[in-house]
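Take a walk through this fold, starting at its ligand and moving outward to a few residues with unusual backbone geometry.

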Amino acid sequence: TKAPLRVAITGASGQIGYQLLFRIASGEMLGKDQPIILQCLELPQALNALKGVSMELDDCAFPLLKGIVQTDDPNRAFAGADYALLVGAKPRSKGMERGQLLEANAQIFSAQGKALNNNANRDTLRVLVVGNPANTNALIAARNAPNIDPKRFTAMTRLDHNRGLAQLADKTGCGVTDIQKFCIWGNHSATQYPDITHTTIKGSPIKNYVDDAVWVKDNFIPTVQQRGAAIINARGASSAASAASAAIDHMRDWTFGTNGQWQSMGVYSDGSYGADKGLYFSFPVICKNGNYEIVQGLQLDAFSKDRFDVTRKELLSEMDAIKHLL
Ligand code: NAI
């Protein structure tokens, strides 16, 4: 039998946490033969709620769940961590400006980056930042963890990717697994660019199924970009179950690979495609042997280059707003 892996989750008693913990504990992220210890971080005022969630986890009698840590101390939450899902973040409150939101989160993620640096299992660690602004929070956390390879930090754009797949499947009448070479470029925000210019369905170009540039520009792209807001309008609360599901997909694929298929991940930019080196930027990636590689050699048409640049510039401006904290 395998030794347990330590999975740290911040914001563990929030909406996404409540969807995430049970699926991780049941083995959906790391496999049905991998024992785990959940290490939950919450704010002091949410520790009581966390206690309730922990009682429910006990009551599921998950065979793989070997322990639950409940703490408001990042050093304890990240002690020996093999995985870290950074979900907890400061939400935008009424009247708060974008710069203030970035700054408030920068404080949280710089402290958590340091705590990861000092306590986590640095050589095998995989970090996924879910809490918004996810890409820039990943940048801050990574910069505050000088002893951890920046490639071990990632930001979540898998929900955007999955949303795009669902829209394409609906439009073409095909299954989501028939659709390949789709990707999200850039920021997890309304400037993201969902790109179907390389996409194939059952191995043939998507144009053979839907050849409608107006639909792509005026319907598909904005629907994916605005999906978060549409869910809030309909549900009265932001996406949580779908976000948790995407987080599990991201970590599972990073660990076990994608069989040569593309997925989208916000990763440390090495300058590929002109995304400024050091930004956490969503690229098409292929995961293999526990690592990921940015897909290389793609041609971006004029429209794609335009969209790419908008989201790239937004990420640069986010970085600029918090540069005094880097
Ligand atoms: P929520 O407000 O229900 O839960 C957040 C939890 O984090 C709360 O329990 C809070 O006490 C905790 N928290 C706040 N600051 C913390 C800190 N410094 N350390 C530890 N815990 C802390 O929010 P929800 O719905 O679970 O969403 C969490 C984040 O995920 C939000 O920032 C949201 O915008 C983001 N998100 C990102 C998505 C993506 O695709 N990247 C998709 C959906 C949500």
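A residue is near a molecule if one of its heavy atoms lies within 4 Å of it. Keep in mind that this is a predicted model.

Start with the ligand. It is surrounded by 23 residues. The closest are Gln-15, Ile-16, Glu-42, Val-130 and Asn-132. By type, the shell divides into eleven nonpolar residues, eleven polar ones and one charged. Two helices stand out as suppliers. α1, spanning 15-25, gives at least two residues to the shell, and α4, spanning 98-119, also gives at least two.

Now look at the oxygen atoms of the ligand. Glu-42 places a polar side-chain atom 2.6 Å from one ligand oxygen. Asn-132 also uses its side chain, with a polar atom 2.8 Å from an oxygen of the ligand. Ile-16 works through its backbone: an N or O atom there lies 2.9 Å from a ligand oxygen. How much of the ligand does the protein bury? Taken alone, the ligand exposes 860 Å², and the protein buries 81% of that. The space that the ligand takes is the largest pocket.

Stay with Asn-132 for a moment. The peptide bond from Asn-132 to Pro-133 is cis, with omega near -5 degrees. Most peptide bonds are trans. Pro-133 is in the loop between β5 (126-129) and α5 (134-143). So the residue that contacts the ligand through its side chain also leads into a cis bond, and helix α5 starts at residue 134.

Next, turn to strand β6, residues 153-155, where Thr-154 lies. Is Thr-154 buried or exposed? Its relative accessible area is 0%, so Thr-154 is buried; the cut-off for buried is under 20%. The Thr-154 side chain has a polar partner. It contacts the side chain of His-250 at 2.9 Å.

Finally, consider phi. Most residues other than glycine have a negative phi. Which residue in the loop between β7 (179-180) and β8 (183-185) deserves a look? Lys-181 lies there. Lys-181 has a positive phi of about 60 degrees, although it is not a glycine. With a relative accessible area of 40%, Lys-181 is partly exposed.

Tyr-273 also has a positive phi of about 60 degrees, and it is not a glycine either. Tyr-273 lies in the loop between β12 (263-268) and β13 (280-288). Its relative accessibility is 23%, so Tyr-273 counts as partly exposed.

Key: Residues numbered from 1 in each chain as written. Predicted model: local features only at pLDDT ≥ 70, side-chain atom pairs only at ≥ 80, totals over all residues. Heavy atoms only, no water. Polar contact = N/O pair within 3.5 Å; in protein donor to acceptor, adjacent residues only side chain to side chain. Areas by Shrake-Rupley, 256 points an atom, 1.4 Å probe, with all protein chains shown as cover. 1 Å grid on protein atoms, 1.4 Å probe; cavity = no way out; pocket = protein on both sides within 12 Å on 5 of 7 lines; lining within 4 Å. Sits in = over half its atoms within 2 Å of the grid points. Helix = DSSP H or I, 4+ residues; strand = E, 2+ residues; numbered from the N terminus. Nonpolar A, V, L, I, M, F, W, Y, C, P; charged D, E, K, R; others polar. Buried < 20%, exposed > 50% of the residue type's maximum accessible area, 1.4 Å probe, protein only.
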